[in-house]
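Welcome! Here is a short tour of a protein model for someone meeting it for the very first time.

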Amino acid sequence: MLDVFRILGYSPAFTGELETGIEKIAIYGFENDPKHVTRQLESGHWTSKLGKNVDIEHELDGLCGSKYGEVLMVMSRPQGARPRGPIPLVRRGVADAVGA
C-alpha cells in the first residue's frame, strides 16, 4: 500500500500536525497489515469514509482500536502535487487474488 502512495507523491512525515501547504494522510492497521487510510483537512482534523455515504471528522487517534488498529504511518506531499508520469495499473488474475 505504501508504494501506491509513494507513486502519488507522498513520503513519510515526521508529524501528524497541520502544516501549511502540505497534504497528509494516515495509514491505520496492525503491524504490516493496513486497514484504513484517512486524510487531513485544512482545519487540522482528519476525515474518513466509513461506508457508503458515511464521512466523519475525527482526531488522528480517533479511530485507533480493535477495528482499524493503530496509526502505522503518516505521509505527506506538497498541496496540489500530482504524480510524475502515468500511474501504473496492475491487473491481477483470479489465481493471484486467491494466492494460488
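The briefing below goes through confidence, the sheet, the cores and the largest pocket.

This is a predicted model, in which local features need pLDDT of at least 70, side-chain atom pairs count only at pLDDT 80 or more, and totals for chains, interfaces and linings use all residues. Residues are numbered from 1 along each chain as its sequence is written, and side-chain values use heavy atoms, with hydrogens and water left out.

**Confidence**
- The mean pLDDT (the predictor's confidence in each residue, from 0 to 100) is 85, and 82% of the residues reach 70 or more.
- Residues 93-100 stay under 50 in pLDDT, and the model gives them two contacts (heavy atoms within 4.5 Å) beyond four places in sequence.

**The sheet**
- Six strands (DSSP runs of E, at least two residues, numbered from the N terminus) make an open antiparallel sheet, ordered β1-β6-β2-β3-β4-β5.
- At the edges stand β1 (11-12) and β5 (55-58), each with a single partner strand, so one side of each has no neighbour in the sheet.
- β2 (residues 22-30) pairs with β3 (residues 33-40) over six antiparallel bridges; strands count as paired if DSSP finds at least two bridges between them.
- Within that pair, Ile 27 has Val 37 of β3 as its bridge partner.
- β3 is joined to β4 (residues 46-49) by two bridges, also antiparallel, and Arg 39 stands opposite Thr 47 in β4.
- Five residues separate β3 and β4 in their hairpin, where Gly 44 takes a positive phi near 100°.
- Four bridges pair β4 with β5 in the antiparallel sense, and Lys 49 stands opposite Asp 55 in β5.
- The hairpin of β4 and β5 also has five residues between its strands, with Gly 51 in the turn at a positive phi of about 150°.

**The cores**
- The largest nonpolar core (buried Ala, Val, Leu, Ile, Met, Phe, Trp, Tyr and Cys residues joined through side-chain atoms within 4.5 Å; buried means under 20% relative accessible area, with a 1.4 Å probe and protein chains only) has six members: Ala 26, Tyr 28, Trp 46, Leu 63, Tyr 68 and Val 74.
- Another core of five residues lies apart from it, including Phe 5, Tyr 10, Ile 25 and Met 75.

**The largest pocket**
- The volume of the largest pocket (an open set of points on a 1 Å grid where a 1.4 Å probe fits, with protein on both sides within 12 Å along at least five of seven lines) is about 230 Å³.
- β2 gives the most to its lining (residues with an atom within 4 Å of a point), with three residues.

Key: Buried < 20%, exposed > 50% of the residue type's maximum accessible area, 1.4 Å probe, protein only. Points joined across faces, edges and corners; volume = space filled by probe spheres on them.
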